[in-house]
Every structure is written in structure tokens, then in C-alpha cells.
Protein chains: 2
Amino acid sequence: MHQFVRNLLTEWRSLHLPFAGETVIVAVSGGADSVSLLLAMHDLQKRKKMEHRIVAAHFNHRLRGAESDGDEEFVRDLTTRLGGELAIGHGAVSTDGNLEQNARVARYGFLRQTAANLHAFAVATGHTTNDQAETVLLNLVRGSGPEGLSGMKAIRILSDPSEKSEERVYGDEDLAGHISGPAKTLLVRPLLSWAKRIHTEGYCHDSAIEYRYDTMNEDTAFRRVRIRKILLPLLEDMNPKIIETLANTASLMQGLIEKNAPRDPSRTSDELSLSDLRSLSPSDLFDTIRPWLHHRRGTTRQLQLKHIKAVERLVLSPKSGRTAELPGGKVIKSAGKLVYKENKVEN
Amino acid sequence: MHQFVRNLLTEWRSLHLPFAGETVIVAVSGGADSVSLLLAMHDLQKRKKMEHRIVAAHFNHRLRGAESDGDEEFVRDLTTRLGGELAIGHGAVSTDGNLEQNARVARYGFLRQTAANLHAFAVATGHTTNDQAETVLLNLVRGSGPEGLSGMKAIRILSDPSEKSEERVYGDEDLAGHISGPAKTLLVRPLLSWAKRIHTEGYCHDSAIEYRYDTMNEDTAFRRVRIRKILLPLLEDMNPKIIETLANTASLMQGLIEKNAPRDPSRTSDELSLSDLRSLSPSDLFDTIRPWLHHRRGTTRQLQLKHIKAVERLVLSPKSGRTAELPGGKVIKSAGKLVYKENKVEN
């Protein structure tokens with residue numbers, strides 16, 4: 001198995017994502033990052049390490065004429081070769097205001113719609129540590145505060161536009177937040193924490209698979225391109241490991257912010273109030289239950305999405321019974337509260 | 001009163017610094033930042049808004065030959081014109097390793113020694129929001145994590161080298177931390193939160209006072225100079241308010257880190273254990289008592305350094321009696337604990 005695939009497998013495990021029985025959409029632009037992700041997912045399927053329905057999704061925003069159509073054709077050929085499914089979207093992108101941002105809004109709208117149509121469990125994107133570093137710098141320049149410096153998350157819910165104010169954060173996060181969709185579809189970025197662009201390019205090369213270059217990636221009219229092409233090389237002169245350094249900073253910031261989240265009290269409390277939980281948005285409900293279980297159990301090991309969903313059903317549905325079974329324990333609904341009970345170990 | 005002086009007065013008040021009866025050392029290189037600070041402090045003295053013993057301190061590291069001597073002469077002339085006191089230091093700076101850092105170590109060593117000789121209450125430096133922005137960027141590049149992104153503090157203790165690991169933070173912080181000195185001398189940066197370089201230059205200009213240019217500030221061999229001369233102008237193209245933005249980020253980070261400090265539990269507890277307090281370094285003792293009093297009283301208003309010192313004496317000296325009086329209440333030493341009691345309001 002290629003080291004790249006091995007790393008993806010490790011990350012998939014550490015994100016507690018399921019290995020079978022779901023539909024996973026892989027967003028593929030045709031660039032090295034998304035192509036390498038699609039290749040590696042297919043490789044895992046072939047090896048039976050993963051047994052999902054994998055659907056590539058490509059959005060042709062037609063901003064670059066023949067080049068855009070070439071990207072689409074490339075992704076069509078690639079998925080045919082891989083014997084996989086493909087969803088193609090064509091869309092008008094508004095040229096009012098920030099073109100880059102409009103393109104992203106349209107693309108995520110298509111991904112959301114595709115996820116809804118296919119009842120997908122997750123949309124996976126090929127964001128790398130390079131993207132994370134660029135996001136940190138963009139947010140620093142923009143002044144989006146500690147939250148912005150924490151960059152993108154490796155896993156989050158594709159949530160409602162109403163759920164959070166995204167004013168402060170720039171990058172893909174805000175757009176993911178602006179699309180409404182099936183509340184429980186996840187956005188996962190399984191390359192974010194470990195793969196650099198050279199790794200995605202290297203894995204494509206080792207697999208003898210071509211990838212496309214996006215000429216918009218060369219246009220320094222875009223802030224992100226200026227960061228990538230001008231700012232980062234300058235910083236690299238001062239610190240050759242600047243990409244890893246910035247990605248690591250983002251991860252430290254996520255830890256710090258998590259410790260400080262307003263839901264902190266509930267996270268460490270023995271019980272959760274059902275009426276409090278019911279007042280939360282789907283995304284906040286997930287973000288409350290997951291760390292609470294983590295804290296009560298002392299670990300998220302063996303905890304899968306289905307377990308969190310079972311706890312969510314306890315909260316939301318009167319017909320859901322009184323307990324949700326988890327590895328090593330259970331959550332009990334009683335007297336308007338959720339309580340976690342560890343399983344007794346029989347001697 | 002010039003707006004610059006008014007701003008300094010406001011900041012001095014909001015840092016809860018005393019207005020009379022102490023010796024304050026002002027570190028003066030001869031550049032616009034430190035000259036403006038010295039001028040403004042003298043102006044406040046003349047107007048009786050401040051009644052301290054003000055001593056300018058200049059360190060001639062003799063790295064730039066006649067230019068260094070010119071700086072010294074300039075500072076001599078300036079303090080003579082102002083009718084103020086001056087301490088001059090000459091020192092050998094090691095040329096092994098990082099020259100900029102060695103110069104700073106030598107300079108801070110001199111400031112520490114001067115503070116000790118004069119039993120100074122504080123050393124004040126002319127660091128501006130520009131310096132803060134540069135420090136944030138330096139620490140970002142260096143990867144010093146959330147702590148580094150919080151930049152310099154407007155007030156801290158000049159502490160023992162043994163007190164903290166300074167490995168992670170670059171900038172003046174680490175050097176201030178590496179000098180041993182009278183434990184309770186403060187390092188204060190009363191321009192840090194509001195003054196930009198254009199303000200210090202403008203105030204010097206309005207006061208018809210010249211200042212010196214340091215040619216080392218032009219040498220891009222120094223990382224800080226590269227940040228100032230190359231990186232910041234680039235970022236300014238993307239965000240014209242980049243200095244304020246970065247300084248504001250540092251301040252948000254300080255707030256976040258303060259909320260997360262390991263001494264958090266004690267901060268909000270009703271009582272502090274004397275034996276715990278006695279195990280702390282002078283700097284940590286100060287950093288524990290100040291926020292605890294803040295929390296117990298609900299405010300730091302009217303709280304002066306002498307009040308914190310009185311509480312420290314309660315902790316450290318068996319002869320200090322049982323109570324320390326504060327505005328609006330008192331701290332009582334009893335049964336191995338410190339307790340805060342609010343004064344009863346008589347009806």
C-alpha cells in the first residue's frame with residue numbers, strides 16, 4: 001500500500017469515520033489534491049479496507065471556457081478509468097463582487113445538493129496542510145481573531161446558513177456554513193492534518209495519473225493566490241517548515257478554543273438537560289454531544305457517528321426509548337436529563 | 001495637553017499604575033518611540049499629573065561606532081534640556097550568534113541593574129503597536145503557538161531567568177524573562193496598546209524635538225527588520241489597517257490565554273492556600289493575586305500596586321499581621337488561607 005493511502009487510512013480512523021455502508025461524496029476539481037484523495041479512496045475500496053459507495057462530484061463553473069470543459073472531461077475520464085460514479089454540476093457563477101468567493105458558493109451549493117440527493121453521509125474534500133496554512137494567513141490578515149487562526153476543521157457538519165455568524169472567518173469554513181443541506185451530512189477533510197501539496201502531487205505521479213492545473217491559481221488578483229505565491233515563499237525563507245508550522249498553529253488554536261467554548265460547562269457536567277439540548281441547532285447539538293461523550297468516557301475511541309446519532313435521537317425523538325448503547329457504556333434519558341453510565345465490568 | 005500625552009495618561013490609569021512617589025526608569029534609545037515616551041512623561045510631571053522620580057536610561061552598545069556615540073550624545077542633550085536624570089550604560093555585546101538578540105540581552109541587563117540600583121518601581125519602554133504587530137508575525141513564523149501570537153504584554157514583572165521556559169516565545173518577552181532583578185520591578189509598555197509609530201514621530205515633531213534613526217533598522221539581515229520592511233508592507237496592501245489588526249489579534253489572544261491559564265481554578269476560588277502561594281515564584285505570585293483580587297472584587301478599579309504588594313507581604317512575611325486593606329474590602333489571613341471580605345456598607 002502506498003504511504004499516502006496508509007496515511008489516509010490512519011487519519012480516517014482517527015477521525016472516527018465509518019468504514020462501510022455509507023455514501024461518501026468526494027469533491028474533485030481535477031487538481032492534484034482532490035485527484036489524490038479520490039485515487040486513495042478507490043484504492044482502499046479495492047483492498048476492501050473501505051466499503052462505501054464512493055461518488056466523485058465535479059462542478060464546472062465555466063469561468064475559464066475550454067479549460068473548464070477540459071477539467072470536466074478529465075474528471076469524467078478519470079472516474080471511468082476507476083470504474084466509479086460521478087456527479088457533474090454546471091452552474092452560473094455570479095460575477096458581482098468576489099469572483100473566487102462566488103465560485104466557491106456555487107460549488108458548495110452543488111455539493112450540498114448532491115449530498116442531499118444521494119443521502120450522503122459525508123462530503124470529502126482534498127484540502128491539504130498548504131490550504132490550512134493559507135487559511136491561517138488569510139484570516140490573520142483579515143483580523144478574524146483566535147477563531148480565524150484556528151483555520152479549517154478536519155471534520156464538521158455541513159450546516160444551515162442560519163446556524164452561525166460566519167462574519168469573522170474567511171476561507172472555506174464560512175461557505176460550508178452558508179449552505180443548507182441535510183443536517184447530518186459531514187464535511188470531512190482527511191488530508192488536512194498531514195498531506196502537503198508535494199505529497200498529493202507525488203502520489204498522483206507514483207500512480208501514473210495526470211492532474212489538471214487551474215490557471216486561476218496563478219492569478220494574484222485573488223488574495224489566496226497572493227498568499228500562496230508571494231507571502232508564503234517569503235515566510236519560507238525565514239522558516240523552511242512554514243507550512244507545517246502554520247498548520248500546527250491552527251491545530252493548537254483549535255485545542256485552545258475548544259477548551260474555551262461557551263458550551264464548556266456542559267461538556268464537563270455529569271448530566272445534560274434535554275430542554276437545553278433541544279434548543280440547539282443540529283450542528284451545535286452534535287458539537288455538544290460529541291465532546292460531552294468524550295469527556296464522560298475519557299476517550300472518543302470506538303465512538304462512531306452512529307453512536308452520536310443514537311444519542312441525538314434520544315434527545316429529539318420521544319419514541320426513541322430510554323437508552324442509547326455505546327461501546328463501554330450507555331446514555332440514559334431520565335427525568336429530563338441525559339446521563340452517561342459506564343458498563344460494569346463483571347469479575 | 002497634546003493628544004499623545006492625554007492617551008498616555010489614560011493608558012497609565014487603565015494599567016492601574018501609581019501616579020506618585022516611585023522611581024520610574026524610561027528606556028531611551030534615541031528613536032522616536034522612546035523619545036516620545038520620555039517627553040510625554042516629563043510633560044505629565046510638569047503638569048503635576050505625575051509625581052515620580054523619572055530617570056532616563058540609555059545603553060550604548062557601541063555596535064555602530066560614531067553613530068552609537070551620537071545616539072548617546074543625543075540622549076544626554078535631550079535629558080539636559082528636559083532637566084531630567086540620566087543613567088548611561090556601556091557594554092560589550094557578544095558577536096557570537098544572533099547579534100540583535102545579544103544586543104537586547106545586554107541592554108536589558110543594564111536596565112535591570114539600573115532598576116536594582118535605584119530601587120525602581122518600573123522600567124517603561126516605548127514599544128508601540130507596530131512593535132506588537134512585528135512580534136506577532138515573528139512568533140507566527142517561528143511557530144511559537146497561541147502564547148506567541150499573544151505578543152507582548154503591556155505590563156509584566158521583570159522576572160528571574162529560572163521562572164519560565166521562554167523557548168517558545170520570541171521578541172522582547174523572552175529577554176525580559178531572562179534577566180534577574182528586583183523581583184517586583186515591573187516592565188511597563190504604556191504605548192503598546194494604542195500608539196503607532198506615526199504617532200510617536202508626530203508627537204516628537206509637534207514638540208519640535210529631533211530623534212535618531214537606527215541604521216540597524218534598515219538591515220534586512222535581521223528577521224524583525226525583514227518583517228517590518230518587506231512583510232508588513234505586503235500585508236498592508238491586503239489590509240491597510242494591518243498594524244491595528246495584528247495588535248488587536250494579540251490582545252484577543254491574551255484574553256483567551258488568560259481565561260485558560262493553569263491558575264484558573266485558584267483565580268475563581270473563594271480562598272487561596274498560603275502554602276500554595278508560597279511555593280510560587282514572585283512573578284507567578286503577582287500573576288495569581290492580581291486576577292484573584294480582580295475576580296473577588298469584580299473589578300480592578302482603584303486597585304494599585306501597593307495593594308497587591310500588601311497582599312504579597314501577607315503571604316510572605318509572618319510579621320505582616322492578619323489583614324491587608326484594599327479599596328472596598330480587605331484580605332484576611334486565617335487558618336492557612338487568604339480570604340477576601342467586602343466592606344459592609346452602613347445604612
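Analyst: Let's start with aromatic pairs: rings of Phe, Tyr and Trp (its six-membered ring) pair if their centres lie within 6.5 Å, with planes under 30 degrees apart called stacked, over 60 edge-to-face and the rest tilted. This is a predicted model, so local features need pLDDT of at least 70 and side-chain atom pairs pLDDT 80 or more, while totals for chains, interfaces and linings use all residues. Residues are numbered from 1 along each chain as its sequence is written, chains are lettered from A and ligands numbered from 1 in the order written, and side-chain values use heavy atoms, without hydrogens or water.

User: Okay, which residues form an aromatic cluster in chain A?

Analyst: One cluster joins A:Phe4, A:Trp194 and A:Tyr203. Over all chains, the search turns up eight aromatic pairs.

User: How many salt bridges are there over all chains?

Analyst: Look for a side-chain nitrogen of Lys or Arg within 4 Å of a carboxyl oxygen of Asp or Glu. The whole structure has 24 of them. In one, A:Glu85 meets A:Arg53 at 2.7 Å, N to O. A:Glu85 sits in strand E3 (residues 85-90) and A:Arg53 in strand E2 (residues 51-60) of chain A, so this pair ties together parts 32 residues apart in sequence. Strands (E, at least two residues) and helices (H or I, at least four) are DSSP runs, numbered from the N terminus.

User: Now the interface. What area is buried between chain B and chain A?

Analyst: The size of an interface is often given as the accessible area lost when the parts come together. Here we use a 1.4 Å probe and sum over both parts. Chains B and A bury about 2,400 Å², and carbon and sulfur atoms give 78% of that. B:Leu140, B:Val141 and B:Met238 supply 27% of what chain B buries, more than any other three residues.

User: How many residues are in contact?

Analyst: With contact meaning heavy atoms within 4.5 Å, 28 residues of chain B touch 28 of chain A. There are zero salt bridges between the two chains. On chain B's side, helices H5 (129-142), H6 (145-149), H9 (223-238) and H10 (242-260) each bring at least two residues, and H10(B) has the largest share, 10 residues.

User: How is chain B laid on chain A?

Analyst: Superpose by least squares on C-alpha atoms of residues with pLDDT of at least 70 in both copies. A turn of 180° and a shift of 0.1 Å along the axis gives an RMSD of 0.1 Å. That's the relation of a two-fold axis. The same surface serves both copies: 100% of chain B's contact residues recur in chain A.

Notes
Buried area is the accessible area (1.4 Å probe) that two parts lose on being put together, summed over both.
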